[in-house]
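Good morning, colleagues. Please take a moment with the sequence and the structure on the screen before I begin.

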Amino acid sequence: MIRLSAYVGRNQTWHQDCTSTPWSNKTWSIQRLVPQVDCDAFHGTRSEVDCCEFLFKGIYYTLNDKAIGAIMLVISLTILSLCLVAIVKLLHSLLQGPIALIIKKFIYADFPGPLGYLTGYLAIIIGAGLNIIVQSSSIFTSTLTPLVGIGVIELDRMYPLTLGSNIGTTTTAILSALANTDGLRNALQAAFCHLFFNITGILLFYPIPYLRFPIPLAKFLGNCTADYRWFAIVYMLLLC
């Protein structure tokens, strides 16, 4: 699109219809413009690309967009994996000794007596609040996962925090819907569908302890991955 607009900008008289009516007074569709472009001359003009700055500018004429997209995918996955490994190593070195004991004492604190059943619901509220602050459930979950891996947080306590983060992440869609001046009603309907879908999931899989099957399922998958490292890759490929 950048190259096309630059080409049209330099050659406003390249079609007879363009000279009869000013560009500002008539709307031109891309369907009318594209079939009339001289593709050989267009792709051979380096100045149309040289005026733009982007990451793979130097190899643009040797690789197509799909190849550059594949390279970017590999680079992004590599950086993501390195960051996750660095987070695990950093947390493992920091959260040891007295610090780990303090964190465990704070996280595993329960309400006294029969009110202890409400502790999980407080964890859901805390998870939602923290996710509203960071505005990303992926960041919140990626931070909790290494803590479970090094034994600072148990999986049973991470479960309500993750459920709460699913509620907190819906605030982004609600705020985006409120900022929409046109079609506010439809935007809010879509945002609230996201919110109540996550709330329904919590009502189904948390209040009754016997229905909290994601916890034993996660333990089973974690044990399989610990014994067979290839299992995680196969599992991700099957989900894709």
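Let me start with a single residue: does T119 count as buried or exposed? With a relative accessibility of 8%, T119 counts as buried, because the cut-off for that class is under 20%. I should say at once that we are looking at a predicted model.

Where does this residue sit? T119 belongs to helix α8, which covers residues 119–134. Leaving aside residues up to four places away in sequence, T119 touches A109, D110, F111 and R157. For one of these, A109, the separation along the chain is ten residues, and the C-alpha atoms of A109 and T119 lie 8.2 Å apart.

Let me now turn to the protein as a whole. The model contains 14 helices and zero strands. Read from the N terminus, the order of elements is therefore α-α-α-α-α-α-α-α-α-α-α-α-α-α, helices and strands being assigned as DSSP runs. Of the 240 residues in the protein, 24% are buried. The protein exposes about 16,700 Å², and carbon and sulfur atoms supply 69% of that area. If we take contacts between residues at least 6 apart in sequence, 55% of them join residues at least 24 apart.

I would like to present two helix pairs in detail.

The first pair is α6, residues 65–94, with α9, residues 137–149. Their axes come within 9 Å and cross at roughly 50 degrees, which means that α6 is oblique to α9. The crossing of α6 past α9 is right-handed. On the α6 side, L84, I87, V88 and L91 take part, and they meet S142, T143, P146 and L147 of α9. By character, the residues of this contact comprise six nonpolar, two polar and no charged.

The second pair is α10, residues 155–168, with α12, residues 184–205. Here the axes are 8 Å apart and the packing angle is about 160 degrees. α10 and α12 are therefore roughly antiparallel to each other, since angles over 145 degrees fall in that class. Which residues make the contact? From α10 they are Y159, L163, N166 and I167, and from α12 they are L195, N198, I199, I202 and F205. This contact divides into seven nonpolar residues, two polar and no charged.

To close, I return to the two pairs together: α6 lies oblique to α9, whereas α10 and α12 run roughly antiparallel. Neither the contact of α6 with α9 nor that of α10 with α12 includes a charged residue. Thank you for your attention.

Terms used: Residues are numbered from 1 along each chain as its sequence is written. This is a predicted model: local features need pLDDT of at least 70, side-chain atom pairs count only at pLDDT 80 or more; totals for chains, interfaces and linings use all residues. Side-chain values use heavy atoms; hydrogens and water are left out. Helices (H or I, at least four residues) and strands (E, at least two) are DSSP runs, numbered from the N terminus. Buried means under 20% relative accessible area, exposed over 50%, partly exposed in between (1.4 Å probe, protein chains only). Contact means heavy atoms within 4.5 Å. Accessible areas come from the Shrake-Rupley method with a 1.4 Å probe; for residues, only the protein chains shown count as cover. Axes are lines fitted to C-alpha atoms, for helices over the stretch in contact, and angles run from 0 to 180 degrees between N-to-C directions. Angles under 35 degrees count as roughly parallel, over 145 as roughly antiparallel, 65 to 115 as roughly perpendicular and the rest as oblique. A crossing is left-handed if the near helix is turned anticlockwise from the far one by less than a right angle, and right-handed if clockwise. Ala, Val, Leu, Ile, Met, Phe, Trp, Tyr, Cys and Pro count as nonpolar, Asp, Glu, Lys and Arg as charged, and the others, Gly among them, as polar.
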